[in-house]
Amino acid sequence: MAGRREGPLMRANGLPSRGSRIAMAVAVGVLLGCICAFLYPDGLFQSARWHKVHSSDCESSERVNLLNGELASLFKRNAELKKQVKELSLKLQLVGQGKYPAQEQRKAGPFGTVKALRTNPTVIPDVTVNPRLAKILDEVALNNELIVALANSNVKEMLEVWFDNIKRVGIPNYLVVALDDNVESFCKSKQVPVYRRDPDEGIDSIARTGGNHAVSGLKFRILREFLQLGYSVLLSDIDIVYLQNPFDHLYRDSDVESMSDGHNNMTAYGYNDVFDEPSMGWARYAHTMRIWVYNSGFFYIRSTIPSIELLDRVAGRLSHEPKSWDQAVFNEELFFPSHPGYDGLYASRRTMDMYLFMNSKVLFKTVRKDSELRKLKPVIVHLNYHPDKFARMKAVVEFYVNGKQNALERFPDGSE
């Protein structure tokens, strides 16, 4: 019986030989290579890298879009905040100028109970304006207010009467602005608080040689720094005798509180002056309002925006109108209303009691001749109406302080 013949690749036990296994592996490899070549024409590793990069690009794109959205939202929010800051800044500025209500809107109360706001807020102190002055005021001022007077060597005698009576009354918060070295040394020798400004030729030339009105006009420039530093000032001329502490008699409800040049209730506080023009027939009578001017040599000015604007207006006009009188300009800026071509000052004002803050016309023309009025003790007496100031100042001290009843009699009502 003939047997089956084995192939040359078959082993005796029936398993593939080593060569057949190699051939099969090669065949499988070639088959897999064909499949990969078909599925990944750019190569297996290149496709994997592309997939990774593509995924990364997608994620980066999404992140960029997210950040762009957040940035746009921040820009929008920033614009809204800028708008709010601008509106609040404008409101704050208007409040400081007295042109915007500092309090929230509210309903009006019953008839006769409504009171308008006239006390403007004070400014935020700015120490950088004058650090040296700020240090002095911190030591001298009381409750952020003080008496301030300007003086040069021309008024040295009156200056001594001025501060002697301030000391006698017991007023601690006062300061002399020395306009020359002589006055500075004099004040220091008398233990009087004194401040010498840094050199300024525009001011110093007037301070050294200027007369009473010229020196008086300087105060509107000098006082500005006091107000910017947050201090309210009772500005005082030197021809004033202090008999009581004026800070005990202030209302502090207005930007400017001033003594009057008026000599009775009508002239000091205002009145209806009827103008008669017969040629107008039925309309011959025209009503006008009149008041005698505030005295620019004695007034209390609060550290508010309208107060600083007043000082700027007066100082500006005096620098361009050298022949102007500072008291006239002071009152024009304080009282003239807005009209075409002119914006008036929105500052509140109060007239001081003319018998407490007395001018020399009231004293010599009325008070000294009235037995009842002679018993009153004024807060201050201002010798503004008379040129023989020093002699009358000493007489006022004799009458009110030393009780010499005939001390005022030798003087005429007016000047000779």
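Colleague: What does Ser236 count as, buried or exposed?

Modeller: This is a predicted model, where local features need pLDDT of at least 70, side-chain atom pairs count only at pLDDT 80 or more, and totals for chains, interfaces and linings use all residues. Residues are numbered from 1 along each chain as its sequence is written, and side-chain values use heavy atoms, without hydrogens and water. The cut-offs for accessible area are relative: under 20% is buried, over 50% exposed, and in between partly exposed (1.4 Å probe, protein chains only). Ser236 has 2% relative accessibility, so Ser236 counts as buried.

Colleague: Which strand holds Ser236?

Modeller: Helices (H or I, at least four residues) and strands (E, at least two) are DSSP runs, numbered from the N terminus. The protein has 12 helices and 12 strands. The strand where you will find Ser236 is β4.

Colleague: How far is Ser236 from Tyr174 in space, C-alpha to C-alpha?

Modeller: Contact means heavy atoms within 4.5 Å. Setting aside neighbours within four places in sequence, Ser236 is in contact with several residues, including Ile147, Val148, Trp162, Tyr242 and Phe298. Tyr174 lies 62 residues away from Ser236 in sequence, and the C-alpha to C-alpha distance between Ser236 and Tyr174 is 9.8 Å.

Colleague: In what order do the strands of the 7-strand sheet come?

Modeller: It is an open sheet with mixed pairing (two strands pair if DSSP finds at least two bridges between them). At its edges stand β3 (194-196) and β10 (349-351), each pairing on one side only. From one strand to the next, the twist averages 30° (axes are lines fitted to C-alpha atoms, for helices over the stretch in contact, and angles run from 0 to 180 degrees between N-to-C directions). Reading across, the order is β3-β2-β1-β4-β9-β6-β10.

Colleague: Which residue in β4 is the bridge partner of Glu145?

Modeller: Strand β1 covers residues 145-151, and β4 covers residues 232-236. The two run parallel and are joined by 4 bridges. In β4, Glu145 has as its bridge partner Ser232.

Colleague: And in β2, what is the bridge partner of Val148?

Modeller: Here 5 bridges join β1 to β2, and these strands run parallel. The β2 residue that partners Val148 is Leu175.

Colleague: How many of the residues of β2 are buried?

Modeller: You can check both faces of this strand. Tyr174, Val176 and Ala178 are buried on one side, and Leu175 and Val177 are buried on the other. Strand β2 is mostly covered, with a buried count of 5 of 5.

Colleague: At what angle does helix α3 run to β3?

Modeller: Helix α3 spans residues 131-140. This helix lies across β1, β2 (174-178) and β3. Its angle to β3 is about 175°.

Colleague: Why is one side of β5 and of β11 left without a neighbour in the 3-strand sheet, and which strands do these two flank?

Modeller: This open sheet has mixed pairing and the order β5-β12-β11. β5 (240-242) and β11 (357-359) stand at the edges with a single partner strand each, so one side of each has no neighbour in the sheet. The twist here averages 15° from one strand to the next. In the order given, β5 and β11 flank β12.

Colleague: What is the bridge partner of Phe357 in β12?

Modeller: Strands β11 and β12 (residues 380-382) run parallel and share 3 bridges. In β12, the bridge partner of Phe357 is Ile380.

Colleague: Which helix packs on the 3-strand sheet?

Modeller: The helix covers residues 389-400 and touches β5, β11 and β12. Its direction makes about 20° with that of β5. The helix is α12.

Colleague: How far apart are the axes of α4 and α12?

Modeller: Helix α4 (residues 156-169) packs with α12 at an angle of about 25°. The contact is made by residues including Met158 and Trp162 of α4 and Phe390 and Met393 of α12. Their axes are apart by 9 Å.

Colleague: How many residues does the largest nonpolar core have?

Modeller: A nonpolar core is a set of buried Ala, Val, Leu, Ile, Met, Phe, Trp, Tyr and Cys residues joined through side-chain atoms within 4.5 Å. Among the residues with the most contacts inside the largest core are Trp162, Tyr242 and Leu363. Leu363 also touches Met358, Val381 and Tyr400, among other residues beyond four places in sequence. The number of residues in that largest core is 51.

Colleague: What share of the protein's residues is buried?

Modeller: A second, separate core of 39 residues includes Phe220, Tyr231, Ile308 and Ala347. Of the 416 residues in the protein, the buried share is 38%.
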